[in-house]
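This report looks at helices, their packing and the charged pairs of one protein chain. Please keep the sequence and the coordinates at hand while reading.

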Amino acid sequence: MSLPHAILTALLEKPSSGLELTRRFDRSIGYFWSATHQQIYRELGKLERAGHIRALPAPVPARGQKKEYEVLPEGRAELTAWVRRSEDPRPTRDALLLRLRAAAVVGTEGMADELERHLALHRRQLDEYADMERRQFPPERDTEADRLRHLVLRGGIELERFWVAWLTEALEGLGRPDC
């Protein structure tokens with residue numbers, strides 16, 4: 001399961017409350033490992049029960065105060081073991097690819113519009129990633145941690161470039177060039 005490892009990673013980067021974690025997921029980790037707010041909160045409970053994280057004591061106890069979590073040594077050890085594990089790539093499961101294959105059998109009506117919609121979404125995502133790269137990774141940010149985080153973002157950029165090129169080619173195959 002990678003969600004608990006994504007949460008451990010985020011908490012090691014910065015102790016956070018559940019709400020802060022969900023916001024950080026929306027702005028970073030969620031681009032390549034998505035999770036709903038409910039899933040994150042549920043996983044925080046499991047990680048706490050497993051002894052991997054703990055809620056930091058509140059400076060002033062107050063009812064309804066948000067909990068801020070930190071990773072315990074057991075959690076760091078679990079994350080370290082997970083990083084070192086061998087794992088095969090998973091096969092790609094994408095409904096659009098399956099729908100295009102089905103269109104070859106039942107007809108392509110409406111398919112070009114859907115491909116154009118996906119193309120616009122991937123172009124927007126590519127622009128967003130490029131903007132993130134400019135803001136977050138200026139040349140002077142060159143620690144090992146920065147290089148690894150940048151490498152993850154570059155992977156996202158390259159995937160979006162792939163989708164833009166592939167969708168453009170698919171639209172040309174359907175007789176809709178210049179998209």
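Is A55 buried, partly exposed or exposed? The model in which this is asked is a predicted one, and in it A55 has a relative accessibility of 23%, so that it counts as partly exposed, the cut-off for buried being under 20%.

## Surroundings of A55

A55 has its place in strand β2. When its neighbours within four places in sequence are left aside, A55 is in contact with E48, K67, E68 and Y69. D142, by contrast, is 87 residues from A55 in sequence, and the C-alpha atoms of A55 and D142 are 32 Å apart in space.

## The N-terminal helix and its cover

Helix α1 spans residues 3-13, and because eight of its 11 residues are buried, it is largely enclosed by the rest of the structure. The buried residues of α1 are L3, P4, H5, A6, I7, L8, A10 and L11. They pack against a set of elements made up of β1 (16-17), α2, α3, β2 (53-55), β3 (68-71) and α4 (73-84).

Two of the elements that α1 packs against, α2 and α3, also form a helix pair of their own. The axes of α2 (residues 18-27) and α3 (residues 37-49) come within 10 Å and cross at roughly 130°. On the α2 side the contact is made by G18, L19, L21, T22, F25 and D26, and on the α3 side by H37, I40, Y41 and L44. At that angle α2 and α3 are therefore oblique to each other, and their crossing is right-handed.

## Helices α6 and α7

Two packed helices are described by the angle between their axes and the distance between the axes. For α6 and α7, the axes come within 9 Å and cross at roughly 155°. Since angles over 145 degrees count as roughly antiparallel, α6 and α7 are therefore roughly antiparallel to each other. The crossing in which α6 passes α7 is left-handed.

Helix α7, which covers residues 144-173, has 30 residues and reaches 43 Å from its first C-alpha to its last, close to the 44 Å expected at 1.5 Å a residue. Its buried residues are D146, L153, G156, I157, E160, W163, V164, L167, A170 and L171, and what covers them includes α5 (95-106) and α6. After α7 comes G175, whose phi is positive, near 80°.

Helix α6 runs over residues 111-136, and D113 is found in it. D113 has a relative accessibility of 47% and so counts as partly exposed. From D113 to L79 the separation is 34 residues in sequence and 43 Å in space, C-alpha to C-alpha.

## Salt bridges

Side chains of opposite charge can pair when their charged atoms come close. The structure holds 15 salt bridges. One of them joins D131 and R135, whose closest N and O atoms are 2.4 Å apart; both residues lie in α6, four residues apart, which is about one turn of the helix. D131 is partly exposed, with a relative accessible area of 31%, whereas R135, at 51% relative accessibility, counts as exposed.

Another salt bridge links E78 with R85, the closest N and O atoms being 3.5 Å apart. Both partners are partly exposed, E78 with a relative accessible area of 23% and R85 at 46% relative accessibility. The side chains of D142 and R147 likewise meet in a salt bridge, at 3.4 Å from N to O; here D142 counts as partly exposed at 48% relative accessibility, and R147 is partly exposed with a relative accessible area of 43%.

Which residues are linked in a network of salt bridges? The network consists of E13, R24, R141, D146 and R149. Among its members, D146 is also one of the buried residues of α7, so that burial within the limit of under 20% relative accessible area does not leave this residue out of the network.

Technical notes:
Residues are numbered from 1 along each chain as its sequence is written. This is a predicted model: local features need pLDDT of at least 70, side-chain atom pairs count only at pLDDT 80 or more; totals for chains, interfaces and linings use all residues. Side-chain values use heavy atoms; hydrogens and water are left out. Buried means under 20% relative accessible area, exposed over 50%, partly exposed in between (1.4 Å probe, protein chains only). The expected span of a helix is 1.5 Å times one less than its number of residues. Contact means heavy atoms within 4.5 Å. A salt bridge is a side-chain nitrogen of Lys or Arg within 4 Å of a carboxyl oxygen of Asp or Glu. Axes are lines fitted to C-alpha atoms, for helices over the stretch in contact, and angles run from 0 to 180 degrees between N-to-C directions. Angles under 35 degrees count as roughly parallel, over 145 as roughly antiparallel, 65 to 115 as roughly perpendicular and the rest as oblique. A crossing is left-handed if the near helix is turned anticlockwise from the far one by less than a right angle, and right-handed if clockwise.
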